[in-house]
Amino acid sequence: MGLLGEPGTLTVASCARVGQPKPEIRCTGSFRSDDGRSTDPAARFTVNPSLASGQTTGLDRVDAGSYVRISPAGTEEYAALTLFGMALFVFAGSGFASRANSTGRPELRAGAVGRVGLRLGQAGIVLLLGAALCAVIAFLSPR
């Protein structure tokens with residue numbers, strides 16, 4: 001299985017610009033799954049930019065007649081955003097496990113709550129590093 005469905009290749013027969021005021025480019029052609037088990041001689045797919053007749057593109061068949069193109073860069077961008085959001089959530093949790101002392105400097109609470117706060121802070125750092133790695137991979141991946 002692919003990321004969203006059955007991976008395969010679409011060989012373009014023709015493309016046409018459809019719709020107003022923001023036209024889409026819709027292509028038709030034949031789809032063949034990577035494992036060779038399924039084919040669709042009348043596959044339709046929306047693309048940007050237009051593909052030439054005879055050109056092939058990789059995509060996933062989500063349902064009968066429904067196709068999506070999976071981009072490694074796009075996938076990494078979503079992963080980076082997700083990890084960044086998770087890191088913010090975890091850092092918020094570690095903030096609840098700390099308190100201000102008499103000098104105004106934050107310190108971890110004593111006992112189990114303090115240990116949980118410390119572990120949440122460490123998890124947040126790991127999530128931020130993962131988000132940074134995914135962002136770099138997305139930046140370097142071909143579109």
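Start by selecting Cys15 and Cys27: the disulfide between them is right-handed, with 100° about the S-S bond. Keep in mind as you click around that this is a predicted model. The S to S distance for Cys15 and Cys27 is 1.8 Å, and a search of the whole structure turns up one disulfide. Now color the strands. Cys15 sits in strand β1 (residues 6-18) and Cys27 in strand β2 (residues 24-33), so the link ties together parts that are twelve residues apart in sequence.

Switch on a surface and look at both ends of that link. Is Cys27 buried or exposed? With a relative accessibility of 0%, Cys27 counts as buried. Cys15 is partly exposed, its relative accessible area being 27%. Partly exposed here covers the range between the under 20% of buried and the over 50% of exposed, so the 27% of Cys15 falls in it.

Next, stay in β2 and pick Ser33. Ser33 has 3% relative accessibility and so counts as buried. What does Ser33 touch once residues up to four places away in sequence are set aside? Show its surroundings and you'll find Glu6, Pro7, Gly8 and Ser38.

One of those contacts, Pro7, makes a handy stepping stone. Select Pro7 and hop across to β4, where its bridge partner is Asp60. Zoom out a little to take in the pairing as a whole: β1 runs antiparallel to strand β4 (residues 56-63), and the two are joined over six bridges.

Keep Asp60 selected and carry on to β5. Which residue is the bridge partner of Asp60 there? That would be Val68. Strand β5 (residues 66-68) pairs with β4 over three bridges, again in the antiparallel sense. Follow the backbone from β4 to β5 and you go round a hairpin with two residues between the strands. Click on Gly65 in that turn and check its phi, which is positive at about 85°.

For the last stop, leave the strands and select Phe84, Leu88 and Leu128. Together these make a nonpolar surface patch of about 250 Å². Where does Leu128 belong? Color by secondary structure and you'll see Leu128 in helix α2 (residues 112-140). Leu128 has a relative accessible area of 31%, so it is partly exposed. Patch members need over 30% relative accessible area, and the 31% of Leu128 meets that cut-off.

Key: Residues are numbered from 1 along each chain as its sequence is written. This is a predicted model: local features need pLDDT of at least 70, side-chain atom pairs count only at pLDDT 80 or more; totals for chains, interfaces and linings use all residues. Side-chain values use heavy atoms; hydrogens and water are left out. Patches are made of residues with over 30% relative accessible area and no salt bridge: like charges are joined within 9 Å, nonpolar side chains (Val, Leu, Ile, Met, Phe, Trp, Tyr) within 5 Å. Accessible areas come from the Shrake-Rupley method with a 1.4 Å probe; for residues, only the protein chains shown count as cover. A salt bridge is a side-chain nitrogen of Lys or Arg within 4 Å of a carboxyl oxygen of Asp or Glu. Helices (H or I, at least four residues) and strands (E, at least two) are DSSP runs, numbered from the N terminus. Buried means under 20% relative accessible area, exposed over 50%, partly exposed in between (1.4 Å probe, protein chains only). A disulfide is a pair of cysteine sulfur atoms within 2.5 Å. Contact means heavy atoms within 4.5 Å. Two strands pair if DSSP finds at least two bridges between them.
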